[in-house]
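Q: I'm new to this one and would like a close look at the place where the ligand sits. Could you walk me through its surroundings, and then point out a few other spots for context?

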Amino acid sequence: MEEVNSIQGIFLDSIFFNEENGFSIGTIIVTEHQCPEEQIQLAYKVVDEKVCEAIGLTENKTYYKVTVSGYFPKLTENKTYRFKGNLIKHPKYGWQFQVNAYESIAVRGKSSLVHYLSSDIFEGIGQKTAEKIVETLGDDAINVILNNREALEKVPKLSKKLADKLYATLVDQQGTEQILAPLYGYDLSPKLVMKIFKRYQYQALEIIKENPYRLIEDIEGVGFLRADELAKRLGISLDDPRRIRAALLYVLDQIAIQRGHTYVYHKQLVQSALQYLNQKSAQLLDFSQIDQQIQSLIQKKKIYIEGEFLFIPLLVNSEKGIVESILRLQTKDSINDKELEEVMKRLVKEMSITYSKEQEEAIQMALKYPVSIITGGPGTGKTTVVQGILKAYSLLHKITLDPSQYATSEKKFPIALAAPTGRAAKRMTETTTLKASTIHRLLGYGVDGVFQHDEFSQLDYDLIIIDESSMLDTLLAFQLFQCIETGAQVILVGDDNQLPSVGPGQVLKDLIESGAIPLTRLTTVHRQAQDSSIIALAHAVKNNRLPNDLREKKTDRLYVESPHQQIPLYLKKIVENALSKGYTANDVQVLVPMYRGECGIDAINEMLQAIFNPPDDSNKREMVFGQRIFRIGDKVLQLSNQPETGVMNGDVGEVIGISYKNENEEKEDRLIACFDSKEVSYKKGDLQNLTHAYCVSVHKSQGSEYPIVILPMTHAYHVMLQKKLIYTAITRAKKSLIIIGEYLALDKGVKNEGDERQTTLKLRFEMQKEHTTITNPFEEYFKEHGIPFEYLDEVELEGVTPYDFMDE
Ligand SMILES: Nc1ncnc2c1ncn2[C@@H]1O[C@H](COP(=O)(O)OP(=O)(O)OP(=O)(O)O)[C@@H](O)[C@H]1O
């Protein structure tokens with residue numbers, strides 16, 4: 001275990017304080033320490049005599065200061081604190097004391113007390129008043145006041161107003177420490193302590209003692225295991241219902257997030273929860289204890305039960321809502337065939353392209369029905385068909401497609417084009433020459449994370465086309481469909497062989513398989529044969545095989561056989577070659593399925609940054625954040641939705657500015673990144689949402705295309721070696737695709753269909769057709785027998801541990 005040292009001193013000043021997460025840097029004048037002598041000597045800086053005098057350190061000796069950093073609240077200048085932690089050498093800022101916990105040391109001694117009470121923290125109290133307080137109430141003045149507010153009345157000439165203010169500030173100061181000290185005592189990380197304090201303020205202790213598992217819901221980054229540790233310290237027993245319920249909800253949530261299921265079977269939930277609950281535990285819980293709490297959660301409406309399926313309420317409501325919305329939209333009359341035939345004739349005449357039969361059918365179907373789907377692999381003409389639909393729609397409804405013509409008229413442009421990601425929307429704009437937006441934007445996703453449009457405030461469009469629909473998750477699809485007015489037409493376009501959405505569900509696949517929505521599947525590849533060997537590979541992968549000519553060098557495709565350890569070397573060489581030929585970081589995209597490991601995203605990004613954007617002699621500006629160094633010119637990726645700046649999860653930008661705190665008015669380090677000519681300023685604390693983008697995950701690459709894609713392939717990607725993932729990665733390449741790695745890993749991947757997602761969307765449409773409802777054998781069973789019942793075995797999570805959920 002790491003040795004923990006301590007240091008005590010007078011807090012001199014705060015150099016940095018992040019309001020958001022409590023990350024602080026300050027200096028203290030050291031009065032005592034328990035640190036290795038050779039280290040503290042390196043960390044010491046001499047304090048100016050005048051500074052010492054000003055704070056009452058008048059002894060004729062040299063005082064030393066040390067920088068302290070970590071997660072602690074704003075400390076009071078001139079007050080004494082003891083910090084626990086270690087001296088470390090920061091790569092950029094040198095020696096400093098890294099704080100794990102802190103406590104304030106009672107202000108003792110007349111002069112220190114006077115100094116403390118007359119400091120800036122107590123507004124309106126000067127030196128003289130402070131002296132009077134100490135003279136009247138003695139060396140223990142602070143405790144005397146805290147114990148009895150009236151004691152202040154004994155201080156001569158102290159106004160009631162001032163006394164009130166002094167008392168309130170003291171309580172506030174002490175209160176923070178009284179809450180924080182026990183929190184540190186529970187062995188929580190300083191960062192977490194600050195997060196908890198920020199969320200619950202002075203009620204923090206009370207809330208945690210009442211139910212530490214609340215942290216899972218309320219504090220980002222707290223999982224069941226962490227809350228469970230805390231619960232153990234608080235003496236909560238292993239079979240406490242609160243513990244079991246927390247594990248159940250956590251597991252349910254994790255299964256939805258990590259595996260994309262919208263429901264779980266009873267048995268699945270029990271098994272997964274037991275794995276969590278019985279970990280490292282001598283007192284093993286059994287089925288009936290878990291089941292009892294499942295029933296309790298059902299009663300509390302935290303879990304929704306339908307037949308054999310257990311749901312998070314939000315997800316079941318969304319699935320039901322999608323079905324209802326689509327059925328509502330389908331009540332619009334279809335366009336009659338005669339009218340359509342006329343329009344198709346005109347379209348064929350007016351467009352320079354000769355549509356294939358399936359393409360013509362796709363256009364016709366999309367125009368005819370209120371809701372329809374067009375699917376197909378790369379190069380099958382989805383974009384071409386969308387262009388045709390737009391033109392035909394304008395002919396059919398006798399409208400112009402020139403948005404500027406609507407600027408002066410009362411009527412709004414009646415068509416909305418949207419896609420799940422910014423990149424995909426941008427491509428849609430390019431291929432249609434009409435403005436397309438992200439679905440979030442279309443629905444008015446606001447700074448507060450709330451959508452402006454909902455079922456009561458629907459979108460005012462007659463035709464809505466959604467591209468890259470395979471990326472639609474259940475929640476977003478529901479949000480979208482409920483916002484579409486009855487009478488509007490909706491066309492979903494997408495490739496159902498791509499990865500399903502990152503969020504739960506597989507909306508496009510389910511809608512296609514339900515048969516409830518008219519569908520055209522485009523199958524013929526229209527790209528020229530000479531540029532299509534990437535597409536040929538994609539089609540082979542789709543059919544679970546690798547082409548015989550994989551190892552042959554093609555004009556647009558290269559396969560480099562390499563053992564795992566050699567992959568970074570080959571990658572480096574290939575990228576350096578590309579660079580020397582004039583390609584830039586924007587042309588070359590490395591795609592990898594997971595973050596960890598030597599062939600993981602983090603390690604590859606570090607290597608590629610050194611190639612594409614190395615430090616230079618002219619002192620290119622840098623900002624260090626954790627393990628990452630951001631540098632001007634870096635290609636970066638946003639990792640979460642940030643509606644307040646309009647930058648969304650998956651957006652790629654460039655670092656264009658770094659401003660240090662002594663250079664700007666906010667007195668804060670700032671990094672400025674540019675996303676498609678939109679400049680966004682990041683406070684240091686927000687940099688956790690930013691990473692390098694030389695290499696990105698295959699999941700994050702969905703909806704984007706790149707001139708050159710490099711795809712490492714190794715057995716180290718184990719569970720991520722899946723057909724849809726490989727298919728998605730290779731279809732991102734527009735001009736060239738380079739695969740480096742182990743043939744057997746690639747082969748294994750294309751044969752692995754991956755996890756089937758458990759969803760009920762398809763089933764709901766089927767039931768709708770047969771006018772049935774899901775029966776409820778679960779409840780009936782318990783009513784009748786009151787004993788455990790084995791549910792369907794077919795989707796049992798055989799051999800799966802909760803840690804599998806942790807893989808990307
Ligand atoms: N009927 C056709 N006749 C001639 N060329 C066609 C036809 N349909 C499509 N193409 C051409 O084939 C290429 C691929 O078509 P398109 O871009 O529409 O496919 P896509 O399915 O959108 O592909 P991706 O998903 O890869 O973008 C384009 O260059 C397009 O011009």
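A: Let's start with the whole chain: the protein has 808 residues, and 53% of them count as buried. Buried here means under 20% relative accessible area, exposed means over 50%, and partly exposed is anything in between (1.4 Å probe, protein chains only). What you're looking at is a predicted model, so to speak with some filters on: local features need pLDDT of at least 70, side-chain atom pairs count only at pLDDT 80 or more, and totals for chains, interfaces and linings use all residues. Residues are numbered from 1 along each chain as its sequence is written, and side-chain values use heavy atoms, with hydrogens and water left out.

The protein's secondary structure comes to 29 helices and 27 strands. Those are DSSP runs numbered from the N terminus, with helices being H or I of at least four residues and strands being E of at least two. The C-alpha atoms fill a box of roughly 100 × 75 × 60 Å along the principal axes.

Now for the ligand. It is surrounded by 17 residues, and the closest are Thr354, Gln359, Lys382, Thr383 and Thr384. To be near the ligand, a residue needs one of its heavy atoms within 4 Å of it. By class, this shell has three nonpolar, 10 polar and four charged residues. In that tally, Ala, Val, Leu, Ile, Met, Phe, Trp, Tyr, Cys and Pro are nonpolar, Asp, Glu, Lys and Arg are charged, and the others, Gly among them, are polar. Helix H17 (residues 382–396) gives the most to the shell, with three residues.

Where do polar atoms of the protein meet the ligand? Gln359 has a polar side-chain atom 2.8 Å from a ligand nitrogen, while a polar backbone atom of Gly381 is 3.0 Å from a ligand oxygen. A polar side-chain atom of Thr383 lies 2.5 Å from an oxygen of the ligand. As for cover, the ligand taken alone exposes 620 Å², and the protein buries 71% of that. Accessible areas like this one come from the Shrake-Rupley method with a 1.4 Å probe; for residues, only the protein chains shown count as cover.

The UniProt record, an unreviewed entry, puts a "binding site" feature at Gly379, Thr380, Gly381, Lys382 and Thr383. Its positions are given in the numbering used here, feature names are shortened, and annotations may be inferred rather than shown by experiment.

Two of those annotated residues deserve a closer look. Thr383 is found in helix H17, and it counts as partly exposed because its relative accessible area is 38%. Thr380 is in the loop between strand E10 (371–376) and H17. Thr380 counts as buried because its relative accessible area is 0%. Its side chain reaches the backbone oxygen of Gly377 at 2.7 Å. That is a polar contact: a pair of N or O atoms within 3.5 Å, where within protein one must be able to donate a hydrogen and the other to accept it, and residues adjacent in sequence count only if both atoms are side-chain atoms. Leaving aside neighbours within four places in sequence, Thr380 is in contact (heavy atoms within 4.5 Å) with Gln359, Leu522, Thr523, Thr524, Val525 and His526. Gln359 turns up here again, having already been listed among the closest residues to the ligand.

For context, here are some other spots. His564 sits in the loop between E16 and helix H23 (567–580), and counts as buried because its relative accessibility is 16%. Its side chain makes a polar contact with that of Glu598 at 3.2 Å. Beyond four places in sequence, His564 also touches residues including Cys599, Thr714, Ala716 and Glu742.

Helix H27 (residues 743–751) has Ala745, Leu746, Asp747, Gly749 and Val750 as its buried residues. What covers them includes helix H22 (533–542), strand E16 (557–561), strand E26 (706–713), helix H26 (723–730) and strand E27 (733–741).

Finally, a backbone detail. Most residues other than glycine have a negative phi. Lys301, though not a glycine, has a positive phi of about 65 degrees; it is in the loop between helix H13 (287–299) and strand E8 (304–306). Lys301 counts as exposed because its relative accessible area is 67%.
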